[in-house]
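Q: Please take a close look at a single part of the structure shown here. A formal explanation suited to a first-year student would be welcome.

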Amino acid sequence: MTTVTKEAGAPVPAGADAFLSVRDLHVSFKTEDGVVRAVEGLSFDLERGRTLGIVGESGSGKSVTNLTILGLHNPMFTTVEGEILLEGQELTTARESELEKLRGNKVAMIFQDPLTALSPYYTVGRQIAEPYMKHMRASKKAAWERAVEMLGKVGIPNPRQRAKDYPHQFSGGMRQRAMIAMALVCDPDLLIADEPTTALDVTVQAQILDLLKDLQREFGSAIIFITHDLGVIADMADDIMVMYAGGAVERGTVREVLRAPQHPYTWGLLNSMPRLDSDPHAPLAPIPGSPPSLLHPPSGCRFHPRCTFQDRVGGARCVTEVPLLGPDRSSACHLTAEQKRTIFDEEIKPRLR
Amino acid sequence: MTEDLVLPAPREAATDATDAPGEPLLVVEKLVKHFPVKGGFPIRRTVGQVQAVDGIDLTVHVGESFGLVGESGCGKSTTGRLITKLLEPTGGSISYRGKDITHATRRQLAPIRSEIQMIFQDPYSSLNPRQTVGKIISGPMEINGLEPEGGHEKRVRELLEIVGLNPEHYNRFPHEFSGGQRQRIGVARALALEPKLIVADEPVSALDVSIQAQVVNLLQKVQQELGIAFLFIAHDLAVVRHFSQRVAVMYLGKVIEVGDRDSIYTRPRHPYTHALLSAVPEVNVGGEDTEDGEDVPQRERIRLAGDVPSPISPPSGCRFRTRCWKAQDKCAAEEPPLIQISGNHAGHLTACHFPEEPTIEARDEDIVLDPALVALEESDD
């Protein structure tokens, strides 16, 4: 097992000139039950102004990766290996004071639940103004003006009055708008949105997604968008990375991945998702079994216990050998490119109609 | 796992006329539930009413799956709890197989309770952590004095097999199972009394996508093969479309549109149903490449402004009027009745004074009501 994982991390694609570049990232937590390997050998790049959508189920390591970028993990119990380069600056070994200068300034985050992410003790306006005062060295008055301006921009009616309100006086959609205003107040280069619309109703979600897209056009930030909903990704992202059990299994542009997905896990996700235009009488085709425990991840390809295409690979490669993921359009699977194409066209695609 | 399971034939049930498919099983009329809001000092008085459910009519037929969709706070869960009599209705009536159970006492309800079962949203808090799976599932049988052939344990093992769990897990505790497996235990418990109606309140929304599909398939199998009627409450429009033959859309305590699946999803008339459908993010999988490399959206785009108003003081007249692009004076003055609008199929009822065209094709111009979006999109052009 250990020798195989080393192999997985070995080929590091050169791409150090990218805006954000994550190289062979390993994150593990010490727990009472043992070591949880939450992320293993993850590499990806992100260009300025692009949106990378990370999709995966709970426990796939998508949130952990992004907390690690901002250094928000608990260093007492966490081991981080690999590189995270933001414009060439190494973040995994950066001191806390350096990270503090980045957070809310160059890199900002939008969390899933705005009620727990906002402080109940301070007014919304003050919470938005705070990073602006700290990072831009603005006066209290100027920062307040900026907070009001941002609230107006994200569509809070009557922003001058509402800035004096506390989070509990806002509705769910408005709180998420306030979170977005707070994240964008210092005009960040990188915005990490961790399931920003999961807690919202569908009509409000549509507003927030459109708002994020429009704001990105205005601010030009790069966005990492984490979600479990492929529909949201299809709507928001330029590139997709599909994660499973701590590693990326498929990547490519949205068009590439959704037009011709290559990995059995991606096929499984698409097949198990009811859509508004699918045949309501056809039963869904779920992925058998459940995601593995990361305390004792399966050997070889981590998806192999649930994969129905193992026999097509032949031999025991799926169990012994970790499939590699290339830097560009690729999928981490031992099936040949030809096999992937024919299986998708002949077996998967007809079921999606 | 669920593919190859064998369902035993349903036990001989009392075969009277009301059991034939298509007969109304549950009839809900003008159902109202208001929760008092207390406030004031030193004497706490009722200062308002949360009008969670405000006069809804529903009929669930024998063996059918009826979907109830709406956003949070629209009263769909309250409706489910009223029907299972976990809450006492403020007004209106609920009748089950022709018998009025609106204000029935515990004793009167006892024989009916076993026929109406519930599956809850959260598989973690709905199972007692101190009881084994065997005890959880056999509990309802003991309480109702049901003595299945071969004893409780045999029946529980049978049920575990039906829901796709290993019968060997009889003596395990809930914490030894994953979320999806726990939800299966919840389903087995609901099936233990061979109910006629199962109220499923968001049974899959707490589960991951791949597990969600397993549970949806299981419920579908149960519904079709055992002929159990379902009241399926969910906020996910795609899941409801997949599971239910008839669907009702709720908004702020009212049913605003009800009809069969095709009517609601392809020929909606109420502006809110249009907005709801257009807000669901769409995945175009395996589509063909177009020349210009851009996917042209075939669906309409409607972006409402703001959130759902508070149910403590809902808008007068039509409750959707504050967010509706077609609202006029009449909407504020007069509440639209839930009726069959000309051009609709039988059974497709809509509560709107100014209904939309029955299509979900893209419009000439998007409807964008959100002021921030309007401002940002104008500055783009």
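What do the buried residues of H9(B) pack against?

A: This is a predicted model, in which local features need a pLDDT of at least 70 and side-chain atom pairs count only at pLDDT 80 or more, whereas totals for chains, interfaces and linings use all residues. Residues are numbered from 1 along each chain as its sequence is written, while chains are lettered from A and ligands numbered from 1 in the order in which they are written.

The buried residues of H9(B) pack against H9 of chain A and, within chain B, against helix H7 (237-243), strand S9 (246-251), strand S10 (254-260), helix H8 (261-266) and strand S11 (302-303). Helices (H or I, at least four residues) and strands (E, at least two) are DSSP runs, numbered from the N terminus. Helix H9 of chain B spans residues 271-279, and nine of its nine residues are buried, so the helix is largely enclosed by the rest of the structure. A residue is buried if 20 or more other C-beta atoms, placed from the backbone, lie within 10 Å of its own, exposed if 12 or fewer do, and partly exposed in between. Among the buried residues of H9(B) are B:Pro271, B:Tyr272, B:His274 and B:Leu277.

The partner from the other chain, H9(A), covers residues 202-219 and also packs with helix H11 (residues 371-380) of chain B, at an angle of about 35 degrees and with the axes 10 Å apart. Such axes are lines fitted to C-alpha atoms, for helices over the stretch in contact, and angles run from 0 to 180 degrees between N-to-C directions. Residues including A:Leu211 and A:Leu215 of H9(A) and B:Leu373 and B:Leu376 of H11(B) make the contact. By class, this contact has five nonpolar, one polar and six charged residues. Here Ala, Val, Leu, Ile, Met, Phe, Trp, Tyr, Cys and Pro count as nonpolar, Asp, Glu, Lys and Arg as charged, and the others, Gly among them, as polar.

In the wider interface, 49 residues of chain A are in contact with 46 residues of chain B, a contact requiring that the C-beta atoms of two residues, placed from the backbone, lie within 7 Å. H9(A) gives the most to the side of chain A that touches chain B, with twelve residues. That side divides into 24 nonpolar, 13 polar and twelve charged residues.

B:Ser72 offers another place where the chains meet. This residue is found in the loop between strand S3 (65-69) and helix H1 (76-83) of chain B. B:Ser72 touches A:Asp201 and B:His235, leaving aside residues up to four places away in sequence. Because B:Ser72 has 14 C-beta neighbours inside 10 Å, it counts as partly exposed. Its C-alpha lies 9.2 Å from that of B:Tyr251, although the two are 179 residues apart in sequence.

Confidence remains to be considered. The model scores ipTM 0.84 and pTM 0.87. Chain B averages a pLDDT of 86, and 92% of its residues score at least 70; pLDDT is the predictor's confidence in each residue, from 0 to 100. Residues 8-17 of chain B stay under 50, with six contacts beyond four places in sequence. Where pLDDT is low, the predicted coordinates should not be read in detail.
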